[in-house]
Amino acid sequence: MIRRAEEFGTIVLLYADTMKQLGRKPRIKQIIAQMSHLGVDSLLIVSLTLLFTGVVFTLQTAHELIRFGAQSTVGGLIAIAIGRELGPVLVGVVCAGRVGAAITAEISTMKVTEQIDALKVMAVSPSNYLIVPRMLACMVVVPLLTVFGDLIGVFGGWCVAVFYSGISSYLFMHSITMFVDIYDMTGGLIKAVFFGNVIAVLGCYYGLNCPDGAEGVGKATTKTVVSSIIAIFILNAFLTFVIYNS
């Protein structure tokens, strides 16, 4: 418990130092490079994850709703479920595994090869040079991936509803316009911003504090993925309560 508390305190101090560095001139080129590296390369896995999530969710719900004569609610139900919860959470989990691991592996390798020490010798803040660009990139990229994933997930639901369950395309789309509010989508995007922030900070923290040697890089990467997923689920419960039930 003492070790966990110490680790949590170190993360908080690192996060506070990173927030102080946000006031400095942003490194635009590094931010754009990180957005390309972390975001564009994640499009395929996000697309597949949300597409088949929409397909399976519609398969599970459309038949039961049709039984009770509620086929006019299928589209709205799919869009709300994906926009509020499934989209941001699944994109966050995917990014925790792909983006968080990539950040940790990159920074931990820099630490093992003493590049971090070289930055400190040159009076360059590791927080400003390494963490801030990645944090800002993730806070932009994860919401964008969430929007993309929401559209893909609803498209997968539409395919099943129209071509398998026999619901008309007009009824499916009309259900979305009737039941879905813009707040259902923006709430998920707010969650995605926080998820991106957490993934980047935890990835950088475990990278900067990884044990020496190649084995330490693997352990740090594993800790990042596990800690990020746990943090996303806890943060999702808190944000859901604040956004949708306050």
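These are my notebook entries on one predicted model.

**Ground rules**

I number residues from 1 along each chain as its sequence is written. Because the model is predicted, local features need pLDDT of at least 70, side-chain atom pairs count only at pLDDT 80 or more, and totals for chains, interfaces and linings use all residues, while side-chain values use heavy atoms and leave out hydrogens and water.

**Entry 1: the whole chain**

I looked up the helices and strands first. Helices (H or I, at least four residues) and strands (E, at least two) are DSSP runs, numbered from the N terminus. The chain has nine helices and zero strands. I then took the extent of the C-alpha trace. Along its principal axes it spans about 70 × 40 × 35 Å.

Next came burial. I call a residue buried under 20% relative accessible area, exposed over 50%, and partly exposed in between (1.4 Å probe, protein chains only). The chain has 246 residues, and 44% of them are buried. For contacts I use heavy atoms within 4.5 Å. Among contacts with a separation of 6 or more, 87% join residues 24 or more positions apart.

**Entry 2: helix 3**

Helix 3 covers residues 43–67. I checked its span. The expected span is 1.5 Å times one less than the number of residues. For the 25 residues of helix 3 that gives 36 Å, and the end C-alpha atoms are 36 Å apart, which agrees.

Where is the kink in helix 3 centred? I found it at Thr-58, with a bend of about 30°. The bend at a residue is the angle between axes fitted to the seven residues ending there and the seven starting there. Thr-58 is also one of the buried residues of helix 3. Others on that list include Val-46, Leu-50, Gly-54 and Leu-65. I asked what these buried residues pack against. The partners are helix 4 and helix 6. Just after helix 3, Gly-69 has a positive phi of about 70°.

**Entry 3: salt bridges**

A salt bridge here is a side-chain nitrogen of Lys or Arg within 4 Å of a carboxyl oxygen of Asp or Glu. How many salt bridges does the whole structure hold? My search gave four. I wrote up three pairs, listed here.

- Arg-67 pairs with Glu-64, with the closest N and O atoms 2.8 Å apart. Both lie in helix 3, three residues apart, about one turn of the helix. Arg-67 is exposed, because its relative accessibility is 56%. Glu-64 is partly exposed at 33%.
- Asp-184 pairs with Arg-84 at 2.8 Å, N to O. This pair links distant parts of the chain: Asp-184 is in helix 8, Arg-84 is in helix 4 (residues 74–112), and they are 100 residues apart. Asp-184 is buried at 4%, whereas Arg-84 is partly exposed at 29%.
- Arg-134 pairs with Glu-106 at 3.0 Å, N to O. This pair also links distant parts of the chain, with Arg-134 in helix 6, Glu-106 in helix 4, and their positions 28 residues apart. Arg-134 is buried at 4%, and Glu-106 is partly exposed at 32%.

**Entry 4: cysteines**

A disulfide is a covalent bond between the sulfur atoms of two cysteines. I count one when two cysteine sulfur atoms are within 2.5 Å. The structure holds zero disulfides. Cys-138 is in none, and its nearest cysteine sulfur, that of Cys-95, is 7.3 Å away. Why does Cys-204 not bond to Cys-138? The sulfur of Cys-138 is the closest cysteine sulfur to that of Cys-204, but it is 7.9 Å away, so it is too far for a bond. Cys-138 is buried at 3% relative accessibility. Cys-204 is buried at 0%.

**Entry 5: Asn-197 and Val-141**

Asn-197 sits in helix 8 (residues 182–208). Is Asn-197 buried or exposed? It counts as buried, because its relative accessibility is 10%. Leaving aside neighbours within four places in sequence, Asn-197 is in contact with Tyr-15, Met-135 and Met-139. With Tyr-15 there is also a side-chain polar contact of 3.3 Å. A polar contact is a pair of N or O atoms within 3.5 Å; within protein, one must be able to donate a hydrogen and the other to accept it, and residues adjacent in sequence count only if both atoms are side-chain atoms.

Val-141 is in helix 6 (residues 126–163). Val-141 is buried at 6%. Not counting residues up to four places away in sequence, Val-141 touches Met-35, Leu-38 and Gly-39. I also looked up Gly-196. Val-141 and Gly-196 are 55 residues apart in sequence, yet 7.7 Å apart in space, C-alpha to C-alpha.
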